[in-house]
Amino acid sequence: MSTIILGIESSCDETAAAICKDGQIINNIVTTQLIHEKYGGVVPELASRAHQKNIIPVIDDALKSVDLSMKDLSAIAYTQGPGLLGALLVGSTFAKTAAMTLNIPVIPVNHMQAHILAHFIDEPRPDFPFLCLTVSGGHTQIVKVKSHIDMEIIGQTKDDAVGEAFDKCAKLLGVGYPGGPKIDQLAQSGDPERFSFPHSDIPDLDYSFSGIKTAFMYFLRDQKKNNENFIEENLNDLAASLQHTLIQMLMKKLKKASKLERIRNIAIAGGVSANSGLRNEIQSLSKKEGWKTFIPKFEYCTDNAAMIAISGHYHFLNGKVGSLRDSPLPRLAFSD
Ligand code: KG4
Ligand code: ZN
């Protein structure tokens, strides 16, 4: 008999459902909440309400598109955290209620681990151990991945995430939300060496991205004193130079981690791994550093439920299922 796992993602502004059948993702439905655009960022209360509205139709579509019904499910995996509490509660409450009715297991999944396990949806799948630079709107981590379920954070940001730096600097440039993809697009025809921005360097394998955001803000303010059209006239070069600086900051610690851990299987994951500059840089480092690199497909970089369903599959295989009594609060620790 097949093992069929429904994955549900509702941690931020995507309501998503996907089905994993015997380790293969057979569909992946994502509804992006566009309502946040006009506010320049995700509004938590609106996100919860939109999840509430979308969740049943999204799950219904996911099942119907592959001719399945709830009765066919072996287990339900859901994002337990980290994320926005009200948003997470929508997915976890649906998962637990359905699992209770169907008398099947629920599988709580850590969202950041799931970004990493997206590498196991398709070939080429990385060999263990590998290092994963996990970069999203809320996190920036270097993770040593020892197995599908055994992972250790060996470096992380002490303040802002790199995605947040992209988004906040994009806001300063007035290019809208979400800023990361906009900066990426503008950077394609800009000069990455034109401007340089001072940025902090902190010890070990950790990161700090709050300084560059402030430096960028003061740089723009000072330039605008001499030329009020400075941003408009230099938009592409500003985007390219900012992106270049952020990527160099990311790579510095990743190279250090690879040397310290003597691991050359290197992956990237999370929303910022969709960045074309980062993808190119990782590819070119694979030649220079002798790395075997793993870059996720675009559809699996930003939030999706395929990564939750595949995580559910590996948790299920390893007997790591949850309980209906699990806390509805998000998991804060990575390796719970
Ligand atoms: O993983 P994700 O979809 O959600 C979280 O778990 O946070 O990541 C969202 C982040 C946002 O900061 C967004 O601006 C950034 O990923 N992002 C990008 C690109 N696409 C998404 N950043 C830079 N370049 C991109 N192409
Ligand atoms: Zn994410």
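## Overall build

The protein chain has 10 helices and 10 strands. Its radius of gyration is 20 Å, close to the 20 Å that the globule rule gives for 336 residues, so the chain is as compact as a globular protein of that length. Please keep in mind as you read that this is a predicted model. Measured out along its principal axes, the C-alpha trace spans about 65 × 45 × 30 Å.

How much of the chain is buried? Of its 336 residues, 53% count as buried. The contacts reach across the sequence as well: among those between residues at least 6 apart, 73% join residues at least 24 apart.

## Surface and charge

The accessible surface of the protein chain comes to about 14,900 Å². Carbon and sulfur atoms account for 51% of that area.

As for charge, the chain carries 34 positive and 37 negative charges. The mean position of the positive charges and that of the negative charges are 3 Å apart.

## A hairpin early in the chain

Strand E2 covers residues 14-21 and strand E3 covers residues 24-32. The two run antiparallel and are joined by 8 bridges. If you would like a pair to find on screen, Ala16 stands opposite Val30 in E3.

The hairpin of E2 and E3 has 2 residues between the strands. Asp22, in this hairpin, takes a positive phi near 50°.

## Phe316 and its neighbours

Toward the other end of the numbering, Phe316 is worth a visit. Phe316 lies in helix H10, which covers residues 306-317. Why does Phe316 count as partly exposed? Its relative accessibility is 28%, and the partly exposed class lies between the buried limit of under 20% and the exposed limit of over 50%.

Which residues does Phe316 touch? Leaving aside residues up to four places away in sequence, its contacts are Thr3, Ile5, Ser74, Ala75, Pro105, Ile107 and Val321. Ile5 shows how the fold brings distant parts of the sequence together: Ile5 and Phe316 are 311 residues apart in sequence, while their C-alpha atoms are 9.0 Å apart in space.

## Two cis peptide bonds in one loop

Next come some backbone details. Most residues other than glycine have a negative phi, and most peptide bonds are trans. Where does this chain depart from the trans form? The peptide bond from Glu123 to Pro124 is cis, with omega near -5°. The bond from Phe128 to Pro129 is also cis, and its omega is near -10°.

Both prolines can be found in the loop between H3 and E6: Pro124 is located there, and so is Pro129. On one side of this loop is helix H3 (111-117), and on the other is strand E6 (130-135).

## Positive phi in two exposed loop residues

Asp67 is not a glycine, yet its phi is positive, at about 55°. You will find Asp67 in the loop between helix H1 (44-64) and strand E4 (75-81). Asp67 counts as exposed because its relative accessibility is 73%, and the exposed class begins over 50%.

Is Arg262 buried or exposed? At 76% relative accessibility, Arg262 counts as exposed. Arg262 is likewise a residue other than glycine with a positive phi, again of about 55°. The loop that holds Arg262 runs between helix H8 (235-261) and strand E9 (265-269).

Note on methods:
Residues numbered from 1 in each chain as written. Chains lettered and ligands numbered in written order. Predicted model: local features only at pLDDT ≥ 70, side-chain atom pairs only at ≥ 80, totals over all residues. Heavy atoms only, no water. Helix = DSSP H or I, 4+ residues; strand = E, 2+ residues; numbered from the N terminus. Rg over C-alpha atoms; globule rule 2.2 N^0.38 Å. Buried < 20%, exposed > 50% of the residue type's maximum accessible area, 1.4 Å probe, protein only. Contact = heavy atoms within 4.5 Å. Areas by Shrake-Rupley, 256 points an atom, 1.4 Å probe, with all protein chains shown as cover. Lys, Arg positive; Asp, Glu negative; His and termini not counted. Charge placed at Lys NZ, Arg CZ, Asp CG, Glu CD. Pairing = 2+ DSSP bridges.
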